[in-house]
Amino acid sequence: MKTKALKTVNIITLGCSKNLVDSESLLRQLESNGYKVLHDSNQPAEIVVINTCGFINDAKQESIETILQFENLRKSKKIEKLFVFGCLSERYKEELETEIPVVDQYFGVYNIKELVESIGAHYKNELVGERHLTTPKHYAYLKISEGCDRTCSFCAIPLIKGKHKSRPIEELVSESKFLISKGVKEIILIAQDLSYYGIDLYKKFALAELIDKLSDLKGLKWLRLHYTFPAKFPMDVIDIMKSKTNICKYLDIPVQHISDKLLQNMRRGITKQQTYDLIDFFRKEIPDMTLRTTLLVGHPGETDEDFNELIEFVRYAKFERLGVFTYSEEENTYSAKHFKDDIPFSIKQARMDEIMEVQREISNSLNTNKIGKVFKVIIDRKEGDYYVGRTEYDSPDVDNEVIIKSEKKKLRLGNFYKVKITGAEDFDLIGELN
Ligand code: SF4
């Protein structure tokens with residue numbers, strides 16, 4: 001006899017893929033207690049939980065606007081309970097309790113257990129490592145650690161997430177087995193700082209050992225690395241990457257800047273020359289490696305000369321994937337305490353636009369060189385008459401895509417196909433089945 005679901009819980013996830021993993025763990029706990037669970041849904045639900053982001057101003061604004069969206073529904077009792085957790089709540093709990101008191105309860109980033117119990121469910125330790133996946137079933141994120149021990153001057157994350165804490169290799173292997181048993185073929189490793197993995201737990205860099213073990217798992221087709229850190233990069237990772245065919249030739253490594261003065265002010269622990277040498281090393285060791293990076297423009301003290309050094313570096317490094325942020329002063333960070341946010345927003349914006357224009361040219365020429373070549377592509381979705389997929393050089397949601405027209409043959413989502421590139425756009429590729 002089918003038991004009636006207790007209540008419906010809708011979880012809204014804002015921010016990064018690390019937040020998404022937390023929401024998926026929460027969804028799994030609640031569904032195992034008999035709740036009907038929804039994610040980022042417009043469907044009615046008795047209980048709404050908002051997983052917030054508190055990283056930079058724009059993200060904070062979006063989180064507050066989302067809470068206010070549900071404020072009226074809560075006041076008018078259209079929803080019975082409204083809970084908020086995640087980074088914004090961790091960072092500004094008291095202020096939020098005062099300013100938006102209609103929320104039933106605010107929780108920090110590490111209080112999923114308390115949140116589950118406040119909803120009225122029973123927290124199950126045996127479900128740790130199990131998740132209700134919200135991504136397309138063929139890929140999933142795996143969070144290998146929490147927190148960060150770095151001291152980047154502009155960053156509030158260590159103030160929110162605390163010290164770096166690695167998860168044991170055994171736990172990550174069993175969670176990966178769980179994901180693969182659910183049909184996942186691509187696992188994307190995430191953390192605040194992937195490179196630092198193991199230092200706290202094993203007193204050594206252990207990322208190479210971890211990816212070596214994970215890549216041996218049967219059924220894992222692609223293993224991808226995000227959020228590595230340039231200073232003291234664990235070079236043994238590159239050796240493992242070269243030796244394993246199912247580790248994507250892909251590395252996300254935010255460098256943020258290149259001028260020695262800015263790298264010092266940002267407390268990145270690396271010099272201009274060391275950064276150039278690191279890029280050269282990657283290019284020499286794995287020539288077809290795709291490098292993704294993130295840059296920060298408009299940090300206090302950044303002169304035209306500093307910025308020109310950055311443009312020159314972007315032209316030299318020819319990153320295959322690149323994103324730019326403008327400096328946002330975050331309270332209690334080193335930069336907020338020691339530097340005046342003296343660069344007008346218009347200049348920050350102009351510098352960001354100039355870099356993205358240079359990057360658009362680089363990306364277009366790199367894509368054009370791929371015309372005629374054949375790549376293994378995984379199909380993520382169907383859009384109208386087209387299928388949309390990715391090569392091993394593209395991470396979901398942030399990178400380029402391959403647009404495939406296949407009239408004759410119906411393609412299956414989550415399957416791999418050989419695709420010949422027939423056209424190139426600034427960022428995306430056009431292809432046909434080979
Ligand atoms: S590595 Fe630096 S930028 Fe990244 S989370 Fe840690 S402190 Fe922030």
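This report walks through a predicted model, from a sheet and its helix to a ligand shell and three single residues.

## The five-stranded sheet

Start with the sheet. It is open and has five strands. Their order is β2-β1-β3-β4-β5, and the pairing is parallel. Two strands form the edges: β2, residues 36-39, and β5, residues 105-106. Each of these edge strands pairs on one side only.

Now take the β5 edge. Strand β4 covers residues 81-86 and runs parallel to β5. Two bridges join β4 and β5. Val84 has its bridge partner in β5, and that partner is Tyr106.

## A helix on the sheet

Helix α5 spans residues 112-119 and packs on the sheet. The helix touches three strands: β3 (47-52), β4 and β5. The direction of α5 makes about 175 degrees with that of β4.

## Around the ligand

The model also holds a ligand. Three cysteines are among the residues around it: Cys148, Cys152 and Cys155. Two arginines, Arg150 and Arg268, are there as well. Phe154, Phe229, Ile157, Pro158 and Gln192 are also part of the shell.

Sorted by class, the shell has seven nonpolar residues. Two more are charged, and one is polar.

## Glu146, a buried charged residue

Glu146 sits in strand β7, which runs over residues 145-146. Its relative accessible area is 14%, so Glu146 counts as buried, the cut-off being under 20%.

The side chain of Glu146 has two lysine partners to look at. With the side chain of Lys143 it makes a polar contact of 2.6 Å. With the side chain of Lys161 the polar contact is 3.2 Å. Setting aside neighbours within four places in sequence, Glu146 is in contact with Asp22, Tyr110, Lys161, Lys163, His164, Lys165 and Gln192. Gln192 is also one of the residues around the ligand.

## Two loop residues with positive phi

Lys232 is not a glycine, yet its phi is positive, near 50 degrees. Lys232 lies in the loop between β10 (222-225) and α10 (236-243). Its relative accessible area is 68%, so Lys232 is exposed, the cut-off being over 50%.

Asn332 is not a glycine either, and its positive phi is about 70 degrees. The loop that holds Asn332 is between β13 (321-326) and α14 (334-338). Asn332 counts as exposed because its relative accessibility is 51%, and exposed means over 50%.

Key: Residues numbered from 1 in each chain as written. Predicted model: local features only at pLDDT ≥ 70, side-chain atom pairs only at ≥ 80, totals over all residues. Heavy atoms only, no water. Pairing = 2+ DSSP bridges. Helix = DSSP H or I, 4+ residues; strand = E, 2+ residues; numbered from the N terminus. Contact = heavy atoms within 4.5 Å. Axes fitted to C-alpha atoms, helices over the stretch in contact; angles between N-to-C directions. Near = heavy atom within 4 Å. Nonpolar A, V, L, I, M, F, W, Y, C, P; charged D, E, K, R; others polar. Buried < 20%, exposed > 50% of the residue type's maximum accessible area, 1.4 Å probe, protein only. Polar contact = N/O pair within 3.5 Å; in protein donor to acceptor, adjacent residues only side chain to side chain.
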